[in-house]
Amino acid sequence: MGLALRDVHFTYHPGTPIAREVLRGVDLEIREGEILSLLGPSGCGKSTLLLVAAGLLPPQRGTLLLDGKPCGGTQTAHAPLRERVGLLLQSPEDQLFADTVEADVAFGLRRAALSPREVREKTAESLRSVGMEPSLYSPLSPFALSRGEMRRVALAGVLVREPRFLLLDEPFSGLDGEGREKLASLLRDLRGNGTGILFVTHEWEEVDLLADRAAVLFEGRLLLEGEKKKVLGDREGLLRAGLEPPPRVELLHRLRARYPSLPPYADDAREAAEKVDILMRGCAG
Ligand code: ADP
Ligand code: MG
């Protein structure tokens with residue numbers, strides 16, 4: 001069960017002098033109960049890919065499959081995507097519009113057959129899940145909040161619909177250490193409940209913290225895709241995609257020129273140090 005993009009092509013303003021081909025044949029699947037991180041240099045098409053995957057921009061070529069069934073293209077066929085896929089935009093202010101935080105979050109429930117009380121309860125629950133006390137925040141204007149708070153309100157507005165697939169565009173940007181850990185823990189809980197999550201990031205730390213798989217987009221195509229270890233350990237591939245490899249991978253690479261028995265990948269700096277330590281002890285003995 002998953003949300004898949006098959007050979008997806010997308011061009012902004014096709015057939016005009018300002019046409020810009022952004023996605024050039026993307027194949028990617030987000031599976032239920034997993035977290036996939038999407039990386040790539042600025043301007044490579046990450047945000048566009050999310051808009052297409054959420055059914056907001058129709059691809060010119062290729063298909064979207066929800067649990068193996070094609071969707072997207074006509075208005076009706078879009079409905080299942082809109083219903084099951086939640087998207088958090090890169091700029092939270094683009095996603096907020098109502099007079100109050102409560103109204104903004106509750107907007108996601110407008111089509112659900114719920115009583116006003118149920119709507120209030122679900123809205124409050126969703127705000128709590130992103131660490132916002134409803135009694136404090138509900139009456140405020142979302143535009144009077146800090147950017148970090150706005151992003152959390154926008155996320156509450158997405159989560160209130162209980163999407164099966166969650167697409168998050170740089171959700172960690174601007175969060176401090178505590179905010180980052182809280183969001184990571186929320187996403188892990190959602191994964192545990194079977195939600196399939198794709199998040200865009202520029203930080204290895206966030207990939208390490210959360211991802212099961214990673215994908216790297218470069219010039220509108222997926223250059224790397226696979227288990228986190230495989231992608232983060234592919235130093236040459238990352239460099240080709242214009243990304244700086246994780247420091248521990250770079251360290252092992254440099255030492256491998258001299259000590260070829262070292263592995264190319266370690267889960268973290270501590271493990272890299274252990275591998276080097278074992279090697280050094282062998283050399284001393
Ligand atoms: P990323 O999120 O990886 O930084 P984007 O998907 O935002 O990349 O943008 C990919 C390319 O498409 C960029 O060159 C950007 O300038 C261009 N682009 C984005 N949005 C539009 C738009 N609405 N109209 C025309 N070009 C756009
Ligand atoms: Mg972007």
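**Sheet, ligand site and magnesium site**

Helix α6 (residues 147–159) lies across β6 and β7 and runs at about 175 degrees to β6. This arrangement, like the others described here, comes from a predicted model. The two strands under consideration, β6 and β7 (residues 165–168), are paired in the parallel sense, with four bridges between them. In one of these pairings, G86 has L166 of β7 as its bridge partner.

Both strands belong to an open sheet of six strands, in which the order is β6-β7-β8-β3-β9-β10 and the pairing is mixed. The edges of the sheet are formed by β6 and by β10 (221–227). Each of these has a single partner strand, so one side of each is left without a neighbour in the sheet. From one strand to the next, the twist averages 15 degrees.

The loop that lies between β6 (85–88) and α3 (101–106) contains Q90, and S91 is also found in the loop between β6 and α3. Q90 takes part in the magnesium site: the protein donors of the magnesium ion (ligand 2) are S47, through OG, and Q90, through OE1, at 2.1 to 2.3 Å from the ion. The pair links distant parts of the chain, as S47 lies in helix α1 (residues 46–53) and is 43 residues apart from Q90. Both donors fall in the intermediate accessibility class. S47 counts as partly exposed because its relative accessibility is 24%, and Q90 is likewise partly exposed, with a relative accessible area of 34%. For S91, the relative accessible area is 25%, so this residue is partly exposed. The C-alpha atom of S91 is separated by 24 Å from that of R191, the two residues being 100 residues apart along the chain.

S47 also belongs to the surroundings of ligand 1. The residues around this ligand are Y12, H13, R20, V22, P41, S42, G43, C44, G45, K46, S47 and T48. Polar side-chain atoms of two of these residues approach nitrogen atoms of the ligand. For Y12, a polar side-chain atom lies 3.5 Å from a nitrogen atom of ligand 1, and for H13 the corresponding distance to a nitrogen atom of ligand 1 is 3.1 Å. With C44, the contact involves the backbone: a polar backbone atom of this residue is 3.3 Å from an oxygen atom of ligand 1. S47 is thus listed both among the residues surrounding ligand 1 and as a donor of the magnesium ion.

Notes: Residues are numbered from 1 along each chain as its sequence is written. Chains are lettered from A and ligands numbered from 1 in the order in which they are written. This is a predicted model: local features need pLDDT of at least 70, side-chain atom pairs count only at pLDDT 80 or more; totals for chains, interfaces and linings use all residues. Side-chain values use heavy atoms; hydrogens and water are left out. Donors are N, O and S atoms within 2.8 Å of the metal (3.2 Å for Na, K and Ca); water is not among the atoms, so sites may look incomplete. Buried means under 20% relative accessible area, exposed over 50%, partly exposed in between (1.4 Å probe, protein chains only). Two strands pair if DSSP finds at least two bridges between them. Axes are lines fitted to C-alpha atoms, for helices over the stretch in contact, and angles run from 0 to 180 degrees between N-to-C directions. Contact means heavy atoms within 4.5 Å. A residue is near a molecule or strand if one of its heavy atoms lies within 4 Å of it. A polar contact is a pair of N or O atoms within 3.5 Å; within protein, one must be able to donate a hydrogen and the other to accept it, and residues adjacent in sequence count only if both atoms are side-chain atoms.
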